[in-house]
Amino acid sequence: MLLNQQTLEENYIAAEIYKEFYGTRGNTIRIQWVPSHNGINGNEIADAEAVAKSREPQTYFNGITMNDALIVSKDEVWEEWTRKYKTLSEEKGSWHYQLLEQPTKTIWNKNLALNPEQLKTLNRIRTGHCLTKDKRFKWGWEIDDQCEWCDTTEDLQHILYVCPKYNHSRVDYPALEYMKPLQDILREKNEEDLKQIVQFLNSNKIHI
């Protein structure tokens, strides 16, 4: 029984006994049944000790199995992370927080047929780490953040929906042509809409 991993996970007493045995490696241990109340000296001493202890003040102990402990600890860790996620999003990652107000235990692209290139681009968009001109200016890579066509800030929203430079291409992508908000596309996770964003960027050689 003590060699059964499931037993050790479900029975904390068995686990404690196993630890005692494990600490005595190198010595021979024999487990043998001994009849009680038959005048055997060692047994009588153990029985007297047990009776004496039972008369002392008792401490309540609520045993918990290893499996239950893991479940409780996982729940507590998840609750703590959920609280931190909200707090941290107030300082950094506010764009991502608009898309996901509560963290999830599954990856956002589960069940979506997206290739590595599409995932890379969409992950950058979701996290707000696009290499658009406004970001490059913020990081000191550009002398300004202005679109060369429009004299206005060149951010991702401007590129996808507004800049006339891409009007001829935008008509090929219904999600962009009909101005479906980027936040809605990312929240809904419609595979076709997501692919349209990546295809639009690729067809116009826009590297983000």
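The following paragraphs describe the nonpolar core, the two largest pockets and the salt bridges of this predicted model.

We may begin with the interior. The largest nonpolar core holds 29 residues, and those touching the most other members are Ile125, Leu160, Leu182, Phe200 and Leu201. Two or more residues of this core come from each of helices H5 (94-99), H6 (116-127), H8 (156-162), H10 (174-177), H11 (182-188) and H12 (191-203). Helix H12 gives the most, with 5 residues. For Leu201, the contacts beyond its neighbours within four places in sequence are Thr121, Ile125, Ile159, Leu160, Ile206 and Ile208. In soluble globular proteins, nonpolar side chains tend to be buried together.

Turning to the pockets, the largest has a volume of about 460 Å³. Its lining comprises 18 residues, with Trp95, Thr127, Gly128, His129 and Lys135 the closest to the centre. At least two lining residues are supplied by each of H5, H6, H7 (133-138) and H8, and H7 gives the most, with 3 residues. Sorted by class, this lining has 6 nonpolar, 7 polar and 5 charged residues.

The second largest pocket encloses about 290 Å³ of space. Its lining is made up of 18 residues, and Arg136, Glu154, Ile159, Lys165 and Tyr166 lie nearest its centre. Here the elements giving two or more residues are H7 and H8. The lining divides into 8 nonpolar, 3 polar and 7 charged residues. Ile159, one of the residues nearest the centre of this pocket, is also in contact with Leu201.

Finally, the charged pairs deserve a look. Across the whole structure, 7 salt bridges are found. One of them joins the side chains of Glu80 and Arg83, at 2.5 Å from N to O. Both residues lie in helix H4 (residues 66-91), 3 residues apart, which is about one turn of the helix. Glu80 is partly exposed, with a relative accessible area of 33%.

Helix H12 takes part in further pairs. Glu191 and Lys195 meet in a salt bridge of 3.1 Å, N to O; they are separated by about one helical turn because they are 4 residues apart in helix H12. Glu191 counts as partly exposed at 26% relative accessibility, whereas Lys195, at 18%, counts as buried. Asp193 pairs with Lys180, their closest N and O atoms being 2.7 Å apart. This salt bridge links distant parts of the chain, 13 residues apart, with Asp193 in H12 and Lys180 in the loop between H10 and H11. Asp193 counts as buried at 11% relative accessibility, while Lys180 is partly exposed at 25%.

Notes
Residues are numbered from 1 along each chain as its sequence is written. This is a predicted model: local features need pLDDT of at least 70, side-chain atom pairs count only at pLDDT 80 or more; totals for chains, interfaces and linings use all residues. Side-chain values use heavy atoms; hydrogens and water are left out. A nonpolar core is a set of buried Ala, Val, Leu, Ile, Met, Phe, Trp, Tyr and Cys residues joined through side-chain atoms within 4.5 Å. Buried means under 20% relative accessible area, exposed over 50%, partly exposed in between (1.4 Å probe, protein chains only). Contact means heavy atoms within 4.5 Å. On a 1 Å grid over the protein atoms alone, a cavity is a set of points where a 1.4 Å probe fits but cannot get out, and a pocket is an open set with protein on both sides within 12 Å along at least five of seven lines; lining residues have an atom within 4 Å of a point. Grid points are joined across faces, edges and corners, and a volume is the space filled by probe spheres set on the points. Ala, Val, Leu, Ile, Met, Phe, Trp, Tyr, Cys and Pro count as nonpolar, Asp, Glu, Lys and Arg as charged, and the others, Gly among them, as polar. A salt bridge is a side-chain nitrogen of Lys or Arg within 4 Å of a carboxyl oxygen of Asp or Glu.
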